Each structure stands twice: as C-alpha cells, then as structure tokens.
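The following exercises ask the reader to work through a structure step by step. Please attempt each task before reading its solution.

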Amino acid sequence: MQQQQADVAVIGAGIVGLAMSYHLASTGRKVVLFERNSKAISASIRNFGLVWPIGQTAGKMHDRAMRSRRTWKDLAAATGLQCQETGSLHLAYENDELAVLEEFVQAAPGNGYSCELIAPSQIGKYTSAIKTNGLKGALWSASEMTVNPRQASAAIAKHLEEHLNVTVRFGTAVNGISMPYIETKDERWKVDEVFVCSGADFETLYPAEFAAAPLKKCKLQMMRTIPQPGNWQLGPALCAGLTLGHYAAFESCKTLEPLKQRFAQEMPDYVKWGIHLLISQNGAGELTIGDSHEYGPDFEPFDKAFINDLILQYMHTFLQAPEYTIQEQWHGIYPKLTNGKTDLVFSPEKNVTIVNGLGGAGMTLSFGLAEEVVGGMHTFA
C-alpha cells in the first residue's frame, strides 16, 4: 500500500467538503480530498442552486450567508461557473401573507437585511413570469444568487486541484481512520488533521458518534422543466406564501402564526409533506421546481407522484412561463439537526472534526461556516 502525506484530509466532496478544502488550502495547508463516488452525486447537485441569504435568521446566520455569497462570486470569477445575481421575490396573494412581508420589511434595516416591499403595479420591473391577478405585493431582495449545482461541484474540485494544490481522490472511499493515518483501498495517508464532511452518510465513519448526535435525514422531491423557448428569462428566483412558513428568517414575525394556522386549515397536505415552492432557472434556461420535506432515519427509494402534483398545482397559482414540460424528477436526502441549531461541528477524537447538519442551506452557508471553522471562529459542540 502506497503511503503519502498531507497536512489535512477532507472526507466528502459535496459542497461542505469542497468549502472546507477551499478555505484550508487558502491558508497554505496541503489538503487531500476524498470522495467515494466518481463525482459528487448527492444533495449538493440535487438542489435549486440558490444562495439564499434572505431565508437566514438575522445576525450570525445572515452574516454567514453573505460571506458565503462573496466566496461564490470569487469562485465564479476564477472558474467561469454560472453565478447569476438574480435576487428573489416573495409573492403575496393573500392579506395575511402581505402582513408578514410588511412586518418583515419594517424590521429589516435593523436586522441587517436589504429588501423592500414592491407594489403589484411595480412588479413588471422585476419579472414577467408571475400572474398579477390577485397579487397584493411582493418582497424584493437583491442578495440571492443562482449557481448551477450540477456543474459547481466539478468546477470547484478542478479549481482546488489546479490552483490550490489540493490532491483530489474521486472514486476513493476512506475505509478507516486511525490517526494520524487514513486508509483507502490503494493508499495510506499520514495527516495532521481530518475533517469528515459525509452528508447523510452517518453509518460509515464514526457511526456511534453520529447515532448519538441530534440528526435526522430529510428527503425532498424536485423537478426540472425542459429549456424555456426563445431565451425566456425567469428573472428573480420566485416563491410565494408557503415559503414564509419554511424559512427561519420569518419566525420573528408575530403575523406569521395566523398565516400558519390558515395553511394548516386550508392546505393540510402541503403542511403534512413540508411543501413550499421555490423556482429558479439555470443557464440552460431550465426551471428547477420544488420542494417537499419528509423526515426519518431512512426512506423508500420511490418518489410520491401526488407530492409532485401538489407542488405543480401550487406553482400554477403564481407562475406564468412559456413551457411547463417536466423533463426530470428526482429526490435528494440531506441531514438536518433536531435541536434547532444550524450546524453540527464536533470532534469525535483528537484532530478529527465532523462538519455536518446544515440542513437544506448547504449552498447558502457552507463557505461561511468553513471560513469560521478554519479561522478558529466557530464554537465547537
């Protein structure tokens, strides 16, 4: 078995592992990055590609998201990766939805958000992709960006290898850690430090520690249309009333509880299956649509057609696009904390750190969290 040496090993080349590798290598450390698959194929490519600061709670989490945003822009400039500063619109078609937006916007300057309430008569300045009949207002935020998740992981890994001297080992599972040594099927590496960024794989490395952690798995269902014709543009990423009950940023609004009660009464299936709706568009013109949220230790591999039907029914209440033909349907699984916290960073043994638990905000938060961990700014669990 060939023996090699690095300063740091990162296990997992999803967005969390890539972010850790990026910030570690940027400090001058020699990094080796392991990924058991031939490329990233899990939650990091099965998402909207949205960097979504507006959904993060005020203060630490919003700041983390904005730092991630800056890193995404740096990486896009360095790699040519699609990174569109699309902004976002939260659409309100009911008075209780508008009340939440009004309360949020009123408090926004003091909470560090840059956003404004848009009247229905102004909406055409931002997008032609929504139904204006019954629209009562919208929250505009310029901070949201759209990347292409299916291209991002490969582009970032290539950049790490070619420009930051990271050794990338795709198709290479780590079979065991016995510090300071890491073993794969072909190699033995001596390292000073290890970061385990294994996503929803709780069973391979440190299974007892993962079993004791406040983690569960979340399955989401999503779809993608064929390319929109004639270079039609969505413009901002879109969402509507259901999203106000999903993201933590709105939980400080006193007007949110009556809205949630109405959803529970009028849309119980949407609440049961954790459905809200985001729509983004990639560089190929395709619309990504979703999603739902099921929680458990594991899931049947079969997607539920009625969930996708519910998603599409809600989409048609506000989206107007030239082409709705669905070309792909899929699901993703990501880890989520059960204790209300936003990340799980802890050391199962000396010089080994597990970085996990970012929930559905990996694209938004990973680079900011990695910067904190590498810089010693993060408080370990």
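## Exercise 1: A pair between two strands

Glutamate 187 is buried, with a relative accessible area of 7%. Buried means under 20% relative accessible area, exposed over 50%, and partly exposed in between (1.4 Å probe, protein chains only). The model is a predicted one, in which local features need pLDDT of at least 70 and side-chain atom pairs count only at pLDDT 80 or more, while totals for chains, interfaces and linings use all residues. Residues are numbered from 1 along each chain as its sequence is written, and side-chain values use heavy atoms, with hydrogens and water left out.

Task: With which residue does the side chain of glutamate 187 meet in a salt bridge?

Solution. Step 1: a salt bridge is a side-chain nitrogen of Lys or Arg within 4 Å of a carboxyl oxygen of Asp or Glu. Step 2: the partner of glutamate 187 is arginine 169, at 3.0 Å from N to O. Step 3: this pair links distant parts of the chain, with glutamate 187 in strand β13 (residues 187-190) and arginine 169 in strand β10 (residues 167-170), 18 residues apart. Helices (H or I, at least four residues) and strands (E, at least two) are DSSP runs, numbered from the N terminus. Step 4: arginine 169 is partly exposed, with a relative accessible area of 23%.

## Exercise 2: A pair between two helices

Task: State where arginine 67 and glutamate 372 lie, and whether each is buried or exposed.

Solution. Step 1: a salt bridge joins the side chains of arginine 67 and glutamate 372 (2.5 Å, N to O). Step 2: arginine 67 belongs to helix α2 (residues 60-79) and glutamate 372 to helix α10 (residues 362-374), 305 residues apart, so the pair links distant parts of the chain. Step 3: arginine 67 counts as buried at 18% relative accessibility, and glutamate 372 counts as buried at 5%.

## Exercise 3: One face of a helix

Task: Which residues of helix α7 (residues 256-266) are buried, and how are they arranged about its axis?

Solution. Step 1: the buried residues of α7 are Leu256, Leu259, Arg262 and Phe263. Step 2: viewed down the axis of α7, they fall within an arc of 120° and so line one face of the helix; the arc is that of the directions from the helix axis to the C-beta atoms. Step 3: these residues pack against α3 (95-111), α6 (241-244) and α8 (268-272). Step 4: Arg262, buried at 15% relative accessibility, forms a salt bridge with glutamate 266, the closest N and O atoms being 3.1 Å apart. Step 5: glutamate 266 counts as exposed at 54% relative accessibility. The two residues are four residues apart in α7, about one turn of the helix.

## Exercise 4: A buried threonine

Task: Where does threonine 127 lie, and which residues is it in contact with, leaving aside its neighbours within four places in sequence?

Solution. Step 1: threonine 127 lies in the loop between β7 (115-118) and β8 (137-141). Step 2: threonine 127 is buried, with a relative accessible area of 7%. Step 3: a polar atom of its side chain lies 2.9 Å from the backbone nitrogen of alanine 129. Step 4: leaving aside neighbours within four places in sequence, threonine 127 is in contact (heavy atoms within 4.5 Å) with Leu89, Leu234 and Pro236.

Note on methods. A polar contact is a pair of N or O atoms within 3.5 Å; within protein, one must be able to donate a hydrogen and the other to accept it, and residues adjacent in sequence count only if both atoms are side-chain atoms.
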